[in-house]
Amino acid sequence: MVLRKIFPSMYMQPDGAPAKSRNATLYLLRCVFFMGIQTPPKNFFLIYCLWSFALNLSSTFYQPIGFMTGYISHLSEFSPGEFLTSLQVAFNAWSCSTKVIIVWLLVKRFGQANLILDEMDKRLTQPNERRKSHRAVYLSNRIFFTYMTIYIIYATSTFLGAVITGRPPYQNYYPYLDWRASKWQFWLQAGLEYFAMLGACYQDVCVDCYPINYVLPLRAHLSNFADRLRQLGSDPNETPEQSYNKLIECIQDHKVILRYCNTLRPMISGTIFVQLLVVGLVLGFTIINFVLFADFASRIGTFFFMTAVLLETTPFCILCNYLTDDCFNLADALFESNWINKEQRYKKTLLQFLQGLQKPIVFMAGNVFTISVATNITDSQDSGSNCAPFR
């Protein structure tokens, strides 16, 4: 009951409650705000700017540099397990920083997409339609908190495992700081690395989970839209003009859906492209470390890291496949509507609309390849080739 009061959008709302699809991104956008990449609020301008500077300096900008500098300075001091633990995260840190910058540049599109969701919600008048929207909202928010939990567990377990062994988690380079010199310098470096990794995980949750948070309510609207298409022409009391006007309304609804997808497309294209470029390499290093070099404490962190890496692309790729099926279902629903006995104008308009519906909604990664399960599997298989020299 306490959680329900604190996080009401994590729970199913009654059918009588108005549809608010934008609540699917409620907690996501709150966390995006605390990433420090939005316009500072007037009341807390200085505090927000200082927080943004501290978080993004340590996690977005310096952390990838700290990994590389640490390798150059102290490569001979790494054991194989420590080196792979650091290297697997280093590649992911570079990709995370790139994704954060992409989202930073396009962050206003989140608000634009939510306005379009509000526009689509106006068409949801029936209890069963609102139920689908409510379900998408609570599933979306629960997925977001699941991501957050897994990512934070990884950062914390890696930190604790490293502290137990008496070495910093990643042995990044920090100027004028030598963790070997004294205990307080060791704890200072370990704390700095933990803060930077917590910030990176926090950012990574937002940039990895937003496609899911925005596509789940889209699928709910597509399902409701298919039901409306199937009901076209089913009312025997409608005049030909009324039937035609309903068809035109559905065409307008489809244009709104496409506008919603076009709003998100540049952001999704950039972030998923970056992640697909590195996922095979990162998984390869992680598997080698897990199987050959990691001790028990390190394997716990490595396992959660591998889970987090798979979560960065796999769920959204699966959603994209479902999205394609949803689009084909729209064309089937329109064809199944009662159109055979309609006037010529209605039939011509319907046929043109049907041709448009037969083109599925597809998201591209960097305008290079289609985001789908097949692409994700092909990319993940590259991790096997990275492991080949160690067989």
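Select Tyr210 first: in this predicted model, Tyr210 has 0% relative accessibility and counts as buried. Now add Phe110, which is also classed as buried, at 1% relative accessibility. What is the geometry of the Phe110 and Tyr210 rings? Their centres are 5.4 Å apart and their planes stand at 65 degrees; angles over 60 count as edge-to-face, so this pair is edge-to-face. Colour the helices to see what the pair joins: Phe110 belongs to helix H5 (residues 108–121) and Tyr210 to helix H7, with their positions 100 residues apart in the chain.

Next, show the largest nonpolar core, a set of 89 residues in which Leu229 and Phe363 touch the most other members. Helix H7 (residues 183–230) is the main contributor to this core, giving 18 residues. Centre on Leu229 and display its contacts beyond four places in sequence: Cys250, Leu330, Ala333, Leu334, Ser337, Phe353 and Leu357.

Then move to Phe7 and Tyr27, one of the 16 aromatic pairs in the structure. Their ring centres lie 5.4 Å apart with planes at 85 degrees, so this pair is edge-to-face. Phe7 sits in the loop between helix H1 (2–6) and helix H2 (26–34), while Tyr27 is in helix H2, 20 residues apart. Buried or partly exposed? Phe7 is partly exposed, at 23% relative accessible area, whereas Tyr27 is buried, at 3%. Add Phe144 and Phe145 to the selection: ring pairs link them with Phe7 and Tyr27 into a cluster.

Finish with two arginines. Arg142 lies over the face of Tyr11, 5.2 Å from the ring centre. Arg345 lies over the face of Tyr244, at 3.8 Å from the ring centre.

How values were computed:
Residues are numbered from 1 along each chain as its sequence is written. This is a predicted model: local features need pLDDT of at least 70, side-chain atom pairs count only at pLDDT 80 or more; totals for chains, interfaces and linings use all residues. Side-chain values use heavy atoms; hydrogens and water are left out. A nonpolar core is a set of buried Ala, Val, Leu, Ile, Met, Phe, Trp, Tyr and Cys residues joined through side-chain atoms within 4.5 Å. Buried means under 20% relative accessible area, exposed over 50%, partly exposed in between (1.4 Å probe, protein chains only). Helices (H or I, at least four residues) and strands (E, at least two) are DSSP runs, numbered from the N terminus. Contact means heavy atoms within 4.5 Å. Rings of Phe, Tyr and Trp (its six-membered ring) pair if their centres lie within 6.5 Å; planes under 30 degrees apart count as stacked, over 60 as edge-to-face and the rest as tilted. A charge sits over a ring if NZ of Lys or CZ of Arg is within 6 Å of the ring centre and within 35 degrees of the ring normal.
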